[in-house]
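Me: Could you take a close look at one part of this model for me? I'd like the sheet, strand by strand, with whatever stands out in the backbone along the way.

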Amino acid sequence: KTAYLNTDISNPDQVITQDIEQFCEGICGLYANLVKPIADILLYTYQLVSIAGYGGPLAVWGYMSFSFIFMTILRPPFSALTAKSQNLEGVFRYCHIRTATNSESIAFYGGDALEKTIVDKKFRELHNHKKKLVKTHLFFSIFNDFFVFNFPQSIGWLIACMPVFLGSLKESNQGEMARVLRYLAAVISHEFQAIGEIVHLNTRLSELAGYTGNICNLIEVMEDIESHDIEKKKKHIQEGDSIKFEHVDLVTPNDQLLVKDLSFEVVRGKNMLITGPNGTGKSSLFRVLGGLWYIQDGIIKKPGGSAMKYNEV
């Protein structure tokens, strides 16, 4: 129905298979990527306060806040890029499915060159977008890793030296000072790393938002179709002993009128033959009868009403 009713979902199979898989993997990874860094931040902040006072954590958080704001400004729209990438993959996959399904007709009419041109065009669009996405990840990761993971190592030693010159280690002997300084540097390094993982999590959430948007869009479309089905069937489909069309207008989802004011009846045990050229609405009768297309005007009566099963007719 998402295909026949011209909804915003062009490739529901792509969302159902690939997007849901990526979404589930991302959601499952959030636990490990969120809980552990938070626990590390609490633990190492406590250790840092006990050794260097409140100045140490404030310096760490001040630098990371600056880095977070700076990287937020530089962060590309990963959500939109990921959603577009999945859509292009779905279109490219659909081209192959369509070629395989209509292979006989394509061979008969000599349309292999045209089909190859269409598939190559979709592949180039997908390839160019994937290339753009990889380059975007590359350049952003370079800046992100430098400001969030690498440069903080140098800042960490400056923070670790604060107790030596200004704090509790100023009067300590050389051995005690070296031991505490080494431990303090390790604590600061681990805290920077934990905060960096939290900052990096924002990028993962942006990518996850792309999959989430596609899935939510599919769910909303399915819910709209279901509610619309109930409303239309209640209004235009009734229960009867035979299949009967009463003043039905056959209209395509594109609002193209095929047949106006159609009325006929098929009684149980009797047959009816409908003939006519292509595109006049012969197959559309079954689409309307099965509820695949909606009825604009008229009444359809059939055994079981909207809940009819064809093996019962």
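Reply: Here is a walk through the sheet, with a short stop at a charged patch at the end.

Bear in mind that this is a predicted model. The sheet is an open one built from four strands, and reading across gives the order β1-β4-β2-β3, with mixed pairing. Sitting at the edges are β1 (237-239) and β3 (257-266), each of which pairs on one side only. On average, neighbouring strands are turned by 25 degrees against each other, if you ignore direction. As a general reminder, strands of a sheet pair through backbone hydrogen bonds, in either a parallel or an antiparallel way.

Let's start at the β1 edge. β1 and strand β4 (residues 299-302) run parallel and are joined by three bridges. If you want a spot to zoom in on, try Glu239, which has Lys302 of β4 opposite.

Next step across: β4 to β2. Here the strands run antiparallel, again with three bridges between them. Glu246 is a handy marker for this pairing, as it stands opposite Ile299 in β4.

On to the other edge. Strand β2 (residues 243-251) pairs with β3 in the antiparallel sense, and this pairing has six bridges. Two residue pairs help you keep your place: Phe245 has Phe264 in β3 as its bridge partner, and Val248 stands opposite Leu262 in β3. β2 and β3 also make a hairpin, with five residues between them. Within that turn, Asp255 has a positive phi of about 65 degrees.

The backbone has a couple of other things to check here, this time inside the strands themselves. His247 lies in strand β2, and its phi is near 55 degrees, a positive value in a residue other than glycine. Over in strand β3 you'll find Asp261, which isn't a glycine either but has a positive phi of about 55 degrees. So along the hairpin you can look at Asp255 in the turn, His247 in β2 and Asp261 in β3.

One last stop, away from the strands. Glu223 is part of helix α7 (residues 174-236). On the surface, Glu223 gathers with Glu220, Asp224 and Glu226 in a patch of negative charge.

Terms used. Residues numbered from 1 in each chain as written. Predicted model: local features only at pLDDT ≥ 70, side-chain atom pairs only at ≥ 80, totals over all residues. Heavy atoms only, no water. Patch = residues over 30% accessible without salt bridge, like charges linked within 9 Å, V, L, I, M, F, W, Y side chains within 5 Å. Areas by Shrake-Rupley, 256 points an atom, 1.4 Å probe, with all protein chains shown as cover. Salt bridge = Lys/Arg side-chain N within 4 Å of Asp/Glu carboxyl O. Lys, Arg positive; Asp, Glu negative; His and termini not counted. Charge placed at Lys NZ, Arg CZ, Asp CG, Glu CD. Pairing = 2+ DSSP bridges. Axes fitted to C-alpha atoms, helices over the stretch in contact; angles between N-to-C directions.
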